[in-house]
Amino acid sequence: MSEHDHDEHTHGLEPLTGVDALELHAAVDRLATALHAYVETAVGVRAEFGAHEADEDPRVLSLESEIGGLNAQLYDLLHSRLGLHADLTGMSWSDDDEGDADAAPERTDVDTFHLGFVVGQPLATSDLSLDSVLDLVDAGGADVAQRLVDAGFEVTEWGASRGAPVAFDEDEEGDG
């Protein structure tokens with residue numbers, strides 16, 4: 001069974017009891033340690049360089065990669081132990097943080113957007129596998145990217161992934 005398969009025990013309709021949370025807490029502790037290291041490193045790097053250079057500093061990028069991996073490990077543990085599809089890496093701001101609703105929107109150069117799907121195997125007998133879903137999502141991504149370009153936006157990168165948002169590396173060209 002792969003880490004993304006759904007077994008009846010953890011994904012069933014019945015409450016799940018007797019779960020040992022020790023490994024889950026250990027994963028959170030590793031993530032917290034890495035986040036603290038990131039803050040310390042980012043503060044130090046920012047004291048040496050401007051914001052753009054600090055964003056591209058190998059120490060910062062390395063810790064971001066480590067944190068992404070630890071987030072994926074925590075997701076996999078929550079999924080395999082509890083059957084949860086935890087969205088722990090998304091960001092949102094409450095309406096209280098938005099400021100003056102009548103003010104003109106602040107323009108930023110670029111931002112990232114993600115689509116997420118929780119997909120199960122077809123109920124009827126089929127030759128389709130969950131691996132084939134990525135091809136369909138990729139084709140949809142190409143369509144969305146083209147629609148954005150047609151609307152006048154500049155789409156510099158896009159990609160499709162399974163299990164986590166796509167990580168963009170500015171040194172690589174991402175075209176899906």
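A residue counts as buried when its relative accessible area is under 20%. In this predicted model, Asp57 has a relative accessible area of 7% and is therefore buried. Asp57 sits in the loop that joins α3 (51–56) to α4 (58–82). A polar atom of the Asp57 side chain lies 2.8 Å from the backbone nitrogen of Arg59. Leaving aside residues up to four places away in sequence, Asp57 touches Val45 and Phe49.

Val45 leads to helix α2, where this residue is one of those that are buried. The helix covers residues 22–48, 27 residues in total. From first C-alpha to last, α2 reaches 39 Å. That span is close to the 39 Å expected at 1.5 Å a residue. Besides Val45, the buried residues of α2 are Leu24, Ala27, Leu31 and Ala34. The cover over these buried residues includes α3 and α4. Asp57 lies in the loop between those two helices, and its contacts include Val45 of α2.

The surface was examined next. A nonpolar patch of about 600 Å² is formed there by Leu115, Phe117, Val119, Val144, Leu148 and Phe153. Val144, one of its members, belongs to helix α5 (residues 131–150). The relative accessible area of Val144 is 38%. This value falls between the 20% and 50% limits, so Val144 is partly exposed. Patch residues must have over 30% relative accessible area, and Val144, at 38%, therefore meets that cut-off. Asp57, in contrast, is buried at 7%.

Terms used. Residues numbered from 1 in each chain as written. Predicted model: local features only at pLDDT ≥ 70, side-chain atom pairs only at ≥ 80, totals over all residues. Heavy atoms only, no water. Helix = DSSP H or I, 4+ residues; strand = E, 2+ residues; numbered from the N terminus. Buried < 20%, exposed > 50% of the residue type's maximum accessible area, 1.4 Å probe, protein only. Polar contact = N/O pair within 3.5 Å; in protein donor to acceptor, adjacent residues only side chain to side chain. Contact = heavy atoms within 4.5 Å. Patch = residues over 30% accessible without salt bridge, like charges linked within 9 Å, V, L, I, M, F, W, Y side chains within 5 Å. Areas by Shrake-Rupley, 256 points an atom, 1.4 Å probe, with all protein chains shown as cover. Salt bridge = Lys/Arg side-chain N within 4 Å of Asp/Glu carboxyl O. Expected span 1.5 Å × (residues − 1).
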